[in-house]
Amino acid sequence: METRLRTWLDRGSRRCGTGLSFVVFGLGGTVLSVTLFPILRLISPNRAVAQRRINGAMRRVMGLFIWFMRTLGLFTYELHGLERLARPGQLIVANHPTLIDVVFMLWLTPEVGCVVKRALWRNPALRWPVIWAGYIPNTEGAQLVQDCAQLLAGGRSLLVFPEGTRTVPGRPLALKRGAAQVALASRADVLPVTIVCDVPFLTKGSHWYRVPPRRPHFVITVGQPIPAHRYSVGGVPNALAARRLTAQLSAHFTRGIEAVMRAQPDVTATNPPEIQSASL
Amino acid sequence: MRVSMHSEEEVFGQVKRVLAELFELPPERIVPDANLYTDLDIDSLDAIDLILELKQITGRKVQPEQFRHVRTVGDVVAAVRELMRNETAA
């Protein structure tokens, strides 16, 4: 009985914490967009300096938000191979299980650009921050590939989620080939990052208040860089090289997810005291 | 004479070969009714590569606009034949 009460309390507190995090993120984002980011732009002598400062500020804000959520007991995490994210000009590709993957990645990666919804270019509050940060609107096809390759050529890294949207839980990963096309067009190295959350959490199509039965644990693993240009050696057409590179990435993520899930103990079955301590 | 060279069957054979080689597709999946995007997993960037390859077949400049309404393998064959007809007429 006591165990059930504690489990109930734990879930309740994580539900409140998740709701609070949404509010903080929404309000915080809006406030920063009309205060900190414009100020950083104004005090910077030019666009390049402003972009660097805004990227740096973004990183700290994301780190703060992760710290906030972890302190609320919403999840735990472990990080592997982070030093590989520091090299500039890499195409960083990650699988996308949860809503907060991008928060982790923008916190962990220095000098990184990303592709964001083009609807933000029409949003009065967010329009300028995304422009100052040097982010790329999600247009389509050749235009998007060209924008991405140009960002990489400028020496920054680029973060892309090749699935295009969050993974549907229980389904195999479905990677689009755009990321591979960017790699082939830019000749940048591809750095795969495998994100695993051991229970479904903030997944696609789920409601935020449906918190998992126990506290989720993230394992984020930065892999070894893949020299993408190898795939087009010998005049292999782009269409084919992109397919092969995408297949390799897909296999890399799938293997990585399976390895982590195998290594995770089934906490619900074997380790109830850990769940209880979370709510105390 | 030229008309028979560009028979539907022959153009289909060429299109099929290009699709199979360019996208590593199993030939049995390449049928006239197959939708390029939903059945054969071809995306907008692939379509550009495909148009470049078709240039080789037709020996003509192919404008992407001419392929805007192409959805199925059969549409590709029709578009290629249309291009070749123009070529013969020109």
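Let me start with a strand pairing in chain A: in this predicted model, strand β2, residues 91-94, and strand β5 of chain A run in the parallel sense and pair over 3 bridges. If you want one position to hold on to in that pairing, take A:I92, which stands opposite A:L159 in β5(A). Strand β5(A) has another partner to look at, since strand β3 of chain A, residues 112-116, also pairs with β5(A) in the parallel sense, again over 3 bridges. There, A:V112 is the residue that stands opposite A:S157 in β5(A).

Now, which residues of β5(A) are buried on one side, and which on the other? Strand β5 of chain A covers residues 157-160, with A:S157 and A:L159 buried on one side and A:L158 and A:V160 buried on the other, so that both faces of the strand are covered.

From there I would like to turn to a helix of chain A, namely α3(A), which takes in residues 47-71 and therefore counts 25 residues. At 1.5 Å a residue, the helix should span 36 Å, and because its end C-alpha atoms are 35 Å apart, the expected and computed values agree. Several of its residues are buried, among them A:A50, A:I54, A:M58, A:F65 and A:M69, and the buried set also includes A:Q51 and A:N55. What do these buried residues pack against? Their partners are α1 (2-34), α2 (36-43), α4 (101-108) and α5 (127-132), which belong to chain A as well. After α3(A) comes A:G73, whose phi is positive, near 80 degrees.

Stepping back to chain A as a whole, we find 10 helices and 8 strands. Its C-alpha atoms fill a box of roughly 65 × 45 × 30 Å along the principal axes. For 280 residues a compact globule would have a radius of gyration near 19 Å, and chain A, with 20 Å, agrees with that. Of those 280 residues, 36% count as buried, and if we consider the contacts in chain A with a separation of 6 or more, 76% of them are between residues 24 or more positions apart.

Let me move on to chain B, which has 4 helices and 0 strands, and which reads α-α-α-α along the sequence. The C-alpha trace of chain B spans about 35 × 25 × 20 Å along its principal axes. With 90 residues, a compact globule would have a radius of gyration near 12 Å, and the value for chain B is 12 Å, which agrees. Here 21% of the 90 residues count as buried, while residues 24 or more positions apart account for 57% of the contacts in chain B with a separation of 6 or more.

Within chain B, helix α3(B) covers residues 44-58, and its 15 residues should span 21 Å at 1.5 Å a residue; the end C-alpha atoms are indeed 21 Å apart. The buried residues in α3(B) are B:L45, B:D46, B:A47, B:L50 and B:L54, and the helix is followed by B:G59, with a positive phi near 70 degrees.

Finally, how many residues does each chain bring to the contact between them? Chain A gives 12 residues and chain B gives 9 residues. On the side of chain A that touches chain B, α6 (141-153) and α8 (238-263) each supply at least two residues, and the largest share, 4 residues, comes from α8(A). By type, the residues on that side of chain A divide into 5 nonpolar, 3 polar and 4 charged.

Note on methods
Residues numbered from 1 in each chain as written. Chains lettered and ligands numbered in written order. Predicted model: local features only at pLDDT ≥ 70, side-chain atom pairs only at ≥ 80, totals over all residues. Contact = placed C-beta atoms within 7 Å. Nonpolar A, V, L, I, M, F, W, Y, C, P; charged D, E, K, R; others polar. Rg over C-alpha atoms; globule rule 2.2 N^0.38 Å. Buried ≥ 20, exposed ≤ 12 C-beta atoms within 10 Å, placed from the backbone. Expected span 1.5 Å × (residues − 1). Pairing = 2+ DSSP bridges.
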